[in-house]
Every structure is written in C-alpha cells, then in structure tokens.
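Reader: I'd like a close look at one part of this protein, the place where some of its helices pack together. Could you walk me through it, and then set it in the rest of the chain?

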Amino acid sequence: MRNWILPEYISDVLPREARQIEAMRRGLLDLFSRYGYELVMPPLVEYVESLFLHDDPALDLKTFKLVDEMTGRQMGLRADITPQVARIDAHILNRQGVARLCYSGSVVSTRPDGILSTREPRQIGAEIYGCADVAADVEVIELMFESLAFGGLKTARLDVGHIGLFHALADAAGLKGDLRDQTFHALQQKDLPTLRELSVALDPALAAGLQALPTLYGGYDVLARARAALPALPGVTAALNALETLFAALKARGIAVRFDLAEVRSSDYHTGLVFAAYADGFANAVARGGRYDSVGERFGRSRPATGFSLDMRELSRLPFPEQGAAILAPAGDDAELIAAVRRLRDAGETVIVDLGVKPEEVAVNRRLVLKGGQWQVDPLV
C-alpha cells in the first residue's frame with residue numbers, strides 16, 4: 001500500500017506555504033482586533049444539530065458525520081464555522097449589545113467547492129451580532145477588503161446581491177416546497193429557460209420579476225432598472241433601499257460595487273445582503289459574506305448578524321514577503337557560543353544550529369564563527 005497518498009482534494013501544507021498561511025493568520029487576527037473583534041475558538045467536532053442554523057441541505061451534504069462512542073449521538077466535522085460562532089453568541093456569551101467576533105481554523109468538507117479547491121480550507125472570518133443596520137454590512141465589507149489587501153490582493157472586485165428579493169417574490173407567488181427549491185436553484189444557476197418554465201403558472205408580474213433577476217447585473221443603474229422591472233412589494237422595496245444605502249457608504253470608502261441581483265450562491269442561512277469578492281487568476285470567489293438575521297434562533301436567541309470569511313490557502317498562492325535568510329551556527333556546548341546564539345535570536349534573527357545542514361536546502365546566507373576569541377557573524381562563503 002502507498003501509505004503516503006492522501007485522499008482526493010486533501011493535501012499537506014509544506015513549509016513555505018505553511019509559513020505564509022501562519023503569517024497571514026497572525027496579521028489578519030491583529031487587523032480584526034484593531035476593528036474591535038474578539039477571537040473565539042470553536043471545536044472541530046460537534047453534535048450535528050449545532051452545526052446547521054436552519055434546515056440546510058447543502059451544508060448537511062458537505063458535513064462529514066460520525067458516531068460519538070461516548071453517547072451514541074451523531075457528530076459532525078464542521079464544514080463552516082459561522083453556525084458555531086452563532087451558537088457562542090446566542091447561548092454562551094449572551095450579550096445584550098453588539099458583539100464583534102472573529103475566528104480562524106480548519107473546516108472539512110465532503111466535497112470541494114470548485115475544481116481547484118481543497119476539501120480542507122483554512123477559514124478565517126469576522127462577524128457582527130446584534131446590529132440590523134446596513135452600517136454593519138458596510139463594516140464587514142470594508143474589513144474584508146482590508147483583509148484581502150493584507151494578503152496581497154489589492155484588485156478584488158465586489159459583487160453584491162440581496163436574497164430578500166427572491167424571497168419577497170416567492171412569498172407573494174406562494175412558492176413552497178420543491179417548486180420553491182427548484183426556482184431558487186434555477187436562479188442560482190442563472191438558468192433563464194428553467195425559470196420561465198417554472199413560473200409559467202404564476203401571476204404575470206411576479207413571473208416577470210423572477211425572470212428579470214438574472215438580467216439585473218452591472219453598476220449603479222441596475223437599481224433603477226430593478227425598481228422598474230420588479231413589482232413594488234414591501235420586501236422588494238426594502239431590499240433595494242438597503243442596496244442603495246450600501247452603495248453610497250461603500251462609495252465613500254472607495255470600494256466599487258457591481259450588483260448581481262441573482263447572486264444567491266451562499267448557504268441557506270443567509271437572509272438578506274450577500275456579497276462576494278472576485279479576482280483575476282482565481283476560479284472561485286476569494287471571499288464571501290452576507291447577512292443572516294435571526295441566526296441564533298436555533299439556539300434559543302434570535303439575533304441579526306452579518307459577516308465574511310475567506311480561505312487562507314487560496315490567498316497563499318499570491319506573492320508574500322520572503323522569510324529573511326538565517327544564520328548558520330556550529331553545534332556545541334561552549335557557554336559563549338550559547339550566549340551568542342541567544343542574543344541573535346532575541347534580536348529577531350533566525351539561527352539554525354548545524355546538525356548536518358545542507359545550505360542549498362535552507363535559506364542561510366551568514367555563519368556564526370569564532371574570531372579572536374569572540375563569536376561574530378560573517379557572510380557565508
């Protein structure tokens with residue numbers, strides 16, 4: 001047996017990528033802290049009932065299941081950290097005001113999200129609980145772009161949609177069960193022929209609105225086109241007003257927006273604004289987020305929430321500052337040698353003790369040598 005072979009879409013993280021991911025993790029958590037976000041560390045495994053915020057077939061399908069031998073109950077390896085953070089906010093912290101929480105950790109999925117994706121992303125994200133105002137969505141989008149810039153991606157593009165548009169139209173049309181799911185799936189795929197087929201028996205104005213959603217893509221003018229094309233239902237008006245407010249706030253922060261009113265490619269727990277960042281050279285979105293109000297309802301405490309997450313393994317493909325070259329020191333127990341190595345490390349230098357190092361295999365460019373009874377650093381010849 002070839003015991004070194006890993007499962008499909010699962011891979012080791014080797015030294016250079018691991019250093020880059022870890023440096024990114026530390027830097028992003030420091031960035032989140034400067035915005036006031038507090039770090040939480042949920043467990044990798046939980047009872048499955050806690051891993052889904054609502055009946056979410058997509059997330060259920062992505063979750064590895066196992067039996068807890070201590071209790072006989074079914075457990076799952078997390079495929080998304082947001083439900084866990086929602087549980088912490090609703091049931092553990094139980095704060096009355098706004099809570100800003102962040103996290104970082106591996107998630108595991110039964111299948112990759114795309115052809116170039118891994119089944120074990122290194123997910124990092126930030127979330128705001130307890131604020132229903134668009135200002136919270138503005139903050140997490142601004143933080144998302146700051147995070148991408150820190151990771152080396154300064155040219156990301158933002159697509160914004162609003163799931164509330166579909167729900168308002170579907171509710172008014174009385175869509176339920178399989179028909180609602182099929183219509184939602186067709187909208188996700190921007191499958192206009194299927195949308196026409198599924199809405200043929202609906203009120204003409206509602207059918208026209210559903211069929212218009214995949215065509216409403218572009219700049220600020222999309223919102224005016226949407227007001228003309230969609231019926232003036234309260235849910236539709238509220239969603240378009242939220243998008244107007246978001247556009248103005250992001251424009252003031254120098255963040256350009258493209259609207260995609262059929263942008264509903266997200267987990268079933270999202271309820272309102274949804275957004276994704278895209279960049280050249282990446283097959284999938286480099287970061288995603290959105291609003292998931294009433295997120296704590298499953299845990300006994302309903303709270304509005306919004307947030308974003310990204311996969312640090314995706315960003316690790318970008319150029320990142322190289323690690324500084326190290327100093328090669330001889331092995332030995334000489335007190336002065338030990339003291340010299342410690343001083344160099346305390347000063348921030350990387351010092352590698354030579355236990356059989358091959359210089360061509362490690363990044364060393366200097367050597368610690370004894371000259372005139374003193375240890376000093378010389379160029380590696």
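At what angle do the axes of helix α9 and helix α10 cross, and within how many Å do they come?

Author: Before the helices, a word on what you're looking at: this is a predicted model. The chain averages a pLDDT of 90, and 97% of the residues score at least 70. Among the elements, strand β1 (residues 38–39) has the highest mean pLDDT, 97, while helix α2 (residues 57–62) has the lowest, 83.

Now your pair. Two packed helices are described by the angle between their axes and the distance between the axes. For α9 (residues 221–229) and α10 (residues 234–252), the axes cross at roughly 170 degrees and come within 10 Å. An angle over 145 degrees counts as roughly antiparallel, so α9 is roughly antiparallel to α10. On the α9 side, the residues that touch are L223, A226 and R227, and they meet T237, L240, N241, L243 and E244 of α10. Sort that contact by class and you get four nonpolar, two polar and two charged residues.

Helix α10 has another partner, α5 (residues 163–173). The axes of α5 and α10 come within 8 Å and again cross at roughly 170 degrees, and α5 and α10 are therefore roughly antiparallel to each other. Here L165, A168 and L169 come from α5, while α10 brings G235, V236, A239 and L240. This contact divides into six nonpolar residues, one polar and no charged. Notice L240: this residue of α10 takes part in the contact with α9 and also in the one with α5.

V236 is a good residue to zoom in on. It is in helix α10, and at 3% relative accessibility it counts as buried. Setting aside neighbours within four places in sequence, V236 touches L165, A168 and L169, along with L230 and P231. For a sense of distance, V236 and S316 are 80 residues apart in sequence, and their C-alpha atoms are 39 Å apart.

Another buried spot is D137, which lies in helix α4 (residues 134–150). Its relative accessibility is 1%, so D137 counts as buried. Beyond its neighbours within four places in sequence, D137 is in contact with L246, L273, R291 and T306.

Stepping back, what does the whole chain look like? Its secondary structure comes to twelve helices and 16 strands, and the C-alpha trace spans about 95 × 55 × 45 Å along its principal axes. Of the 381 residues, 47% are buried. Take the contacts with a separation of 6 or more: 67% of them are between residues 24 or more positions apart.

You can see that sort of reach in individual residues. R317 is in the loop between α11 (312–315) and β13 (326–330). Its C-alpha atom is separated by 9.8 Å from that of G151, though R317 and G151 are 166 residues apart along the chain. Leaving out neighbours within four places in sequence, R317 is in contact with Q20, G281 and F282.

W375, in strand β16 (residues 374–379), has quite a list of partners. With its neighbours within four places set aside, W375 is in contact with P330, D334, E336, L337, A340, L368, V369 and L370. V85 is another matter: W375 and V85 are 290 residues apart along the chain, and their C-alpha atoms are separated by 52 Å.

If you're wondering about cysteines, the structure holds zero disulfides. A disulfide is a covalent bond between the sulfur atoms of two cysteines. For C102, the closest cysteine sulfur is that of C131, 18 Å away and too far for a bond. C131 is likewise in no disulfide. C102 is also buried, with a relative accessible area of 2%.

Last, a couple of backbone oddities in loops. N94 is not a glycine, yet its phi is positive, near 55 degrees. It sits in the loop between α3 (82–93) and β5 (99–106), and with a relative accessible area of 39% N94 is partly exposed. K190 has a positive phi of about 55 degrees too, although it is not a glycine. You'll find K190 in the loop between α6 (177–188) and α7 (192–198), and at 33% relative accessibility K190 counts as partly exposed.

How values were computed. Residues are numbered from 1 along each chain as its sequence is written. This is a predicted model: local features need pLDDT of at least 70, side-chain atom pairs count only at pLDDT 80 or more; totals for chains, interfaces and linings use all residues. Side-chain values use heavy atoms; hydrogens and water are left out. Axes are lines fitted to C-alpha atoms, for helices over the stretch in contact, and angles run from 0 to 180 degrees between N-to-C directions. Helices (H or I, at least four residues) and strands (E, at least two) are DSSP runs, numbered from the N terminus. Angles under 35 degrees count as roughly parallel, over 145 as roughly antiparallel, 65 to 115 as roughly perpendicular and the rest as oblique. Contact means heavy atoms within 4.5 Å. Ala, Val, Leu, Ile, Met, Phe, Trp, Tyr, Cys and Pro count as nonpolar, Asp, Glu, Lys and Arg as charged, and the others, Gly among them, as polar. pLDDT is the predictor's confidence in each residue, from 0 to 100. A disulfide is a pair of cysteine sulfur atoms within 2.5 Å. Buried means under 20% relative accessible area, exposed over 50%, partly exposed in between (1.4 Å probe, protein chains only).
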